[in-house]
Amino acid sequence: MKAIRTIGIAAAATLAAGVANAQISDDVVRIGVLSDMSSLYADIGGPGSVAAARMAVEDSGIEKNGIKVEVIGADHQNKPDVGASVARQWYDVEKVDVILDTPNSAVALAVNQVTREKNKVFINSGAASSDLTGKQCSPNTVHWTYDTWMLANGTGSAIVKTGGDTWFFLTSDYAFGHALERDTEAVVVKNGGKVLGKVRHPLNTQDFSSFLLQAQASKAKIIGLANAGGDTINSIKQAAEFGIVQAGQNLAGLLVFLSDVHSLGLKTAQGLILTESWYWDLNDQTRAFAKKFAPKNGGKYPTMVQAGVYAGTLHYLKAVQALKSDTDGSKVVAKMKETPTDDPLFGKGTIRQDGRKVHPAYLFEVKKPNESKGPYDYYKVRATIPADQAFRPVDQGQCSLVKG
Amino acid sequence: MFELLGIPPQALFGQLLLGLINGAFYALLSLGLAVIFGLLNIINFAHGAQYMMGAFVAWMLLNYLNVGYWWALLLAPIVVGITGVIIERTMLKHLYKLDHLYGLLLTFGLALIIEGLFRNYYGSSGQPYQIPAELTGGRNLGFMFLPNYRAWIVVSSLAICLVTWYVIERTKLGSYLRAATENATLVRAFGVNVPRMITLTYGFGVGLAALAGVLAAPVQNVSPQMGSSLIIIVFAVVVIGGMGSIMGSILTGFGLGVIEGLTKVFYPEASNTVIFIIMAIVLLIKPAGLFGRAT
């Protein structure tokens with residue numbers, strides 16, 4: 001008798017769940033965070049991005065409405081082939097509905113392709129290439145946090161306008177570095193500046209002194225660092241050692257994250273000008289998020305990439321709830337574009353036709369050690385770039401989704 | 001003013017000097033590898049991880065115990081050297097009779113584990129470490145600005161290299177060591193404790209790696225993967241110099257530093273590759289390396 005009753009309850013429960021989630025594929029919304037979990041970008045996205053996605057699921061309250069959500073993570077090892085095959089396996093075998101984060105432009109472009117093929121959803125936060133919403137834009141992709149155009153425009157034009165009109169580039173010799181250099185050079189020239197020279201260094205270079213000496217010999221006022229992660233840290237550290245800044249030249253970090261400044265220490269990084277679209281100390285809501293996030297990420301404060309994963313997940317779940325379905329990826333993305341975004345971290349915003357999430361960007365200056373009140377109190381805002389100027393105009397990206 | 005291939009001579013002198021400075025690192029690291037290989041016949045793939053540990057121990061000493069750079073220069077190699085001794089006693093000593101490949105695989109595995117552990121605890125983006133106050137600043141040499149810290153790197157590593165070479169090639173202790181590698185049984189018959197000598201040699205080689213790590217901490221990003229990109233270049237240096245040749249690895253280290261420095265001026269894109277091109281050429285022409293003895 002008891003056994004029969006148990007079966008009855010189980011059956012009723014299954015039926016009830018089945019009715020509630022009529023169009024949620026296999027009853028669970030599966031979120032896959034595909035990131036660099038173990039190498040140079042792991043502190044920018046990585047396990048922190050998984051934590052951010054979990055927090056978003058919790059804060060969305062979606063599970064109270066009877067929709068089950070699962071968050072899983074994987075390491076793409078910065079290899080496009082690994083990233084693409086994880087994405088395929090997730091979509092085909094493990095029934096993942098959306099992939100998030102994915103720093104490294106090369107991997108992101110590969111996942112972008114797979115997602116479109118399988119009609120799922122890709123919300124990118126970690127990659128820089130503006131091609132994701134340009135030539136390679138897709139009806140299944142949203143690019144949330146930042147891109148090379150935003151970085152170039154923010155830092156480049158601000159510096160040229162304040163007198164830094166001659167540039168020398170230290171460029172990481174691969175797709176991302178070239179794109180960042182190209183976009184920044186365009187901004188510098190457009191604002192009346194001049195590029196005096198450039199040097200392309202291999203990825204993961206230990207010693208930059210030789211390149212710095214060449215930059216010094218060029219007599220350019222600004223040395224633009226079109227590189228990322230460990231390469232940026234090493235170039236800034238060694239520029240300080242060679243007295244580049246004392247001698248009157250200035251460094252412009254074109255892609256610097258909060259975690260990079262933490263690694264450099266304020267003594268070395270002070271005065272550096274950089275562009276980001278989010279910082280934990282902007283307002284009460286961002287501060288509250290950081291306080292909640294840090295204990296879940298080994299005490300490390302959130303980067304803008306992790307914030308983007310949080311906000312992107314929230315908005316995605318909103319769209320799924322409105323549609324009561326997660327099966328058709330392009331429909332979910334269309335719904336995301338149709339609904340204005342509103343989240344505690346980025347505030348109100350929109351997602352454009354080409355998949356570009358639009359919000360303000362900030363020009364920050366790294367504080368002097370005596371201005372900082374403690375760990376992670378690193379930036380002061382120099383300027384706010386309004387949302388409509390922060391990103392590339394929608395008609396200039398050559399995206400096929402934009403009707404002319 | 002004459003120019004050489006479009007490069008003004010001041011820039012050229014500057015680059016030559018920088019090449020020497022980088023060469024000092026290569027020499028110091030390849031020296032440790034050469035000592036370990038020459039005397040233990042172990043290809044120590046954990047060398048990069050031990051270099052990283054040296055830098056991290058310096059950082060830990062400063063942050064947890066408030067011990068500064070100069071003491072770290074002494075303490076970090078000792079601490080890391082002791083971990084080396086433990087590794088040798090518990091694991092490596094079982095492998096001497098086997099093929100080189102086993103030692104290589106074991107140390108490679110250890111390197112991955114060590115790096116993984118550090119990444120797990122400290123993250124991948126690195127820790128700050130400042131140049132000691134005594135060595136900040138620099139002097140203008142006319143053709144370039146030479147930071148004092150760089151000058152210190154060259155002088156100290158050159159001194160360490162020469163002392164090591166002298167101890168192994170010119171003293172009684174060194175002659176025991178060399179004899180023990182030729183014929184351990186015979187040396188033991190004279191009452192020398194060969195296993196202990198081997199253990200301490202490994203500890204010393206590892207200590208050299210850690211010392212290089214401390215020297216690098218103020219100028220490079222102290223991150224768990226700092227050793228893995230360097231170790232491959234250093235292996236190339238050792239191969240070019242001739243496996244196990246002490247003076248060979250010192251001279252090759254400095255020489256390749258200079259060649260790499262010049263590549264950075266003439267064709268920067270190839271600066272990470274040039275050493276391997278040279279390695280391929282040397283192996284084709286002289287398989288035992290420039291200073292190695294063919295056996």
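User: Hi! Where in chain A is Gln77(A) found?

Analyst: Gln77(A) sits in the loop between strand S2 (68-75) and helix H3 (80-92) of chain A. Please keep in mind that this is a predicted model.

User: What is phi of Gln77(A) near?

Analyst: Phi of Gln77(A) is near 55°, which is positive, and the residue is not a glycine. Most residues other than glycine have a negative phi.

User: Why is Gln77(A) called partly exposed?

Analyst: Gln77(A) has 16 other C-beta atoms within 10 Å. A residue is buried at 20 or more and exposed at 12 or fewer. The count of 16 falls in between, so Gln77(A) is partly exposed.

User: And Asn66(B): how do you know whether it counts as buried or exposed?

Analyst: Asn66(B) has 7 C-beta neighbours inside 10 Å. The exposed class takes 12 or fewer, so Asn66(B) counts as exposed. Asn66(B) lies in the loop between H2 and helix H3 (69-90) of chain B. The phi of Asn66(B) is positive too, about 60°, although this residue is not a glycine.

User: How do you know how the span of helix H4 (residues 100-122) of chain B compares with the expected one?

Analyst: H4(B) has 23 residues and reaches 33 Å from its first C-alpha to its last. The expected span is 1.5 Å times one less than the number of residues, and for H4(B) this comes to 33 Å. The two values are close. Just after the helix comes Gly123(B), with a positive phi near 75°.

User: Which residues of H4(B) are buried, and what do they pack against?

Analyst: Gly103(B), Leu106(B), Thr107(B), Ala111(B), Ile114(B), Glu115(B) and Phe118(B) are buried. The buried residues of H4(B) pack against helix H2 (47-64) and helix H9 (226-241) of chain B.

User: Chain A has an H4 as well. How does its reach fit the expected one?

Analyst: H4(A) (residues 105-118) has 14 residues and spans 20 Å between its first and last C-alpha, close to the 20 Å expected. Its buried residues include Val107(A), Leu109(A), Val111(A) and Val114(A). After H4(A) comes Asn119(A), with a positive phi near 50°.

User: What makes a set of residues a nonpolar core, and how many residues has the largest one?

Analyst: The members must be buried, belong to a list of nonpolar types such as Ala, Val and Ile, and be joined through C-beta atoms within 7 Å. The largest core has 212 residues. Its largest share, 18 residues, comes from helix H1 (residues 9-40) of chain B. Val234(B) is among those with the most contacts inside the core. Beyond four places in sequence, Val234(B) is in contact with Tyr26(B), Leu29(B), Ser30(B), Leu33(B) and His47(B).

User: Why is strand S6 (residues 166-172) of chain A described as mostly covered?

Analyst: Six of the seven residues of S6(A) are buried. Each of those six has 20 or more other C-beta atoms within 10 Å, so each meets the cut-off.

User: How do you know that S6(A) and S7(A) pair?

Analyst: Pairing takes at least two bridges. Seven join S6(A) to S7(A), so they pair, and they run parallel. Leu170(A) stands opposite Val199(A) in S7(A). With helix H6 (residues 175-190) of chain A, the strands S6(A) and S7(A) make a right-handed β-α-β unit. S6(A) is also joined by five bridges to strand S8 (residues 222-226) of chain A, again in parallel. There, Trp167(A) has Ile222(A) as its bridge partner.

User: What makes S11(A) and S13(A) edge strands?

Analyst: Each of them pairs on one side only. They belong to an open sheet of three strands with the order S11-S12-S13 (chain A) and antiparallel pairing. Two bridges join S12(A) (residues 347-351) and S13(A), which just meets the threshold of at least two, so they count as paired.

User: Last one: how many residues of chain A are in contact with chain B?

Analyst: 36 residues of chain A are in contact with 33 residues of chain B. On the chain A side, the largest share, six residues, comes from H8(A). By class, that side has 10 nonpolar, 17 polar and nine charged residues.

Technical notes
Residues numbered from 1 in each chain as written. Chains lettered and ligands numbered in written order. Predicted model: local features only at pLDDT ≥ 70, side-chain atom pairs only at ≥ 80, totals over all residues. Helix = DSSP H or I, 4+ residues; strand = E, 2+ residues; numbered from the N terminus. Contact = placed C-beta atoms within 7 Å. Nonpolar A, V, L, I, M, F, W, Y, C, P; charged D, E, K, R; others polar. Right-handed = clockwise from strand over helix to strand, strands pointing away.
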